[in-house]
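Hi,

Here is the structure I promised to send over. Have a look at it first, and then read on for what turned up.

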Amino acid sequence: WESVGGDIKFLRLKQLNVGGLVTDGSVRDTDELLNYGFPVFSFSTTPKQGPAAMQPWECNGVIECGGVVVRPGDAIVGDQD
């Protein structure tokens, strides 16, 4: 798996007051993410860098993440487990 992001991308999201990130992809730099206090819930971790830029395909659309349909306005709750 390629990473959807790491320390730099997620620090920027935190600076923009994004509440957290949920992905069924992989992330990297998890020690730094924990230090930031930025909640990230991912399918896995990887050292492999992903693409340099990722653009959203749409906003407020219906997606599927981890086999669960997520609609705009849904509450997503996660913990360390």
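**What turned up**

Start with S26, whose side chain makes a polar contact with the side chain of S44, at 2.5 Å. S26 sits in strand β2, which covers residues 26-27. With a relative accessible area of 0%, S26 is buried. Keep in mind as you read that this is a predicted model.

Now to the nonpolar side of things. The largest nonpolar core is made up of five residues: F10, V27, L33, Y36 and F38. Two of these deserve a look of their own. F10 has a relative accessibility of 2%, so it falls under the 20% cut-off and counts as buried. F38 comes out at 5% relative accessible area, and is therefore buried too.

How many aromatic pairs does the structure hold? Just one. It is formed by F10 and F38: the ring centres are 6.1 Å apart and the planes lie at 20°, so this pair counts as stacked. The two rings come from distant parts of the chain, 28 residues apart. F10 belongs to helix α1 (residues 7-15), while F38 is in the loop between α2 (30-36) and β3 (40-41).

And what else does F38 touch, leaving out residues up to four places away in sequence? Besides F10, the list has L13, K14, V18, G19, G20, L21 and L33. L33 also appears with F38 in that largest nonpolar core.

Cheers

Note on methods: Residues are numbered from 1 along each chain as its sequence is written. This is a predicted model: local features need pLDDT of at least 70, side-chain atom pairs count only at pLDDT 80 or more; totals for chains, interfaces and linings use all residues. Side-chain values use heavy atoms; hydrogens and water are left out. Helices (H or I, at least four residues) and strands (E, at least two) are DSSP runs, numbered from the N terminus. Buried means under 20% relative accessible area, exposed over 50%, partly exposed in between (1.4 Å probe, protein chains only). A polar contact is a pair of N or O atoms within 3.5 Å; within protein, one must be able to donate a hydrogen and the other to accept it, and residues adjacent in sequence count only if both atoms are side-chain atoms. A nonpolar core is a set of buried Ala, Val, Leu, Ile, Met, Phe, Trp, Tyr and Cys residues joined through side-chain atoms within 4.5 Å. Contact means heavy atoms within 4.5 Å. Rings of Phe, Tyr and Trp (its six-membered ring) pair if their centres lie within 6.5 Å; planes under 30 degrees apart count as stacked, over 60 as edge-to-face and the rest as tilted.
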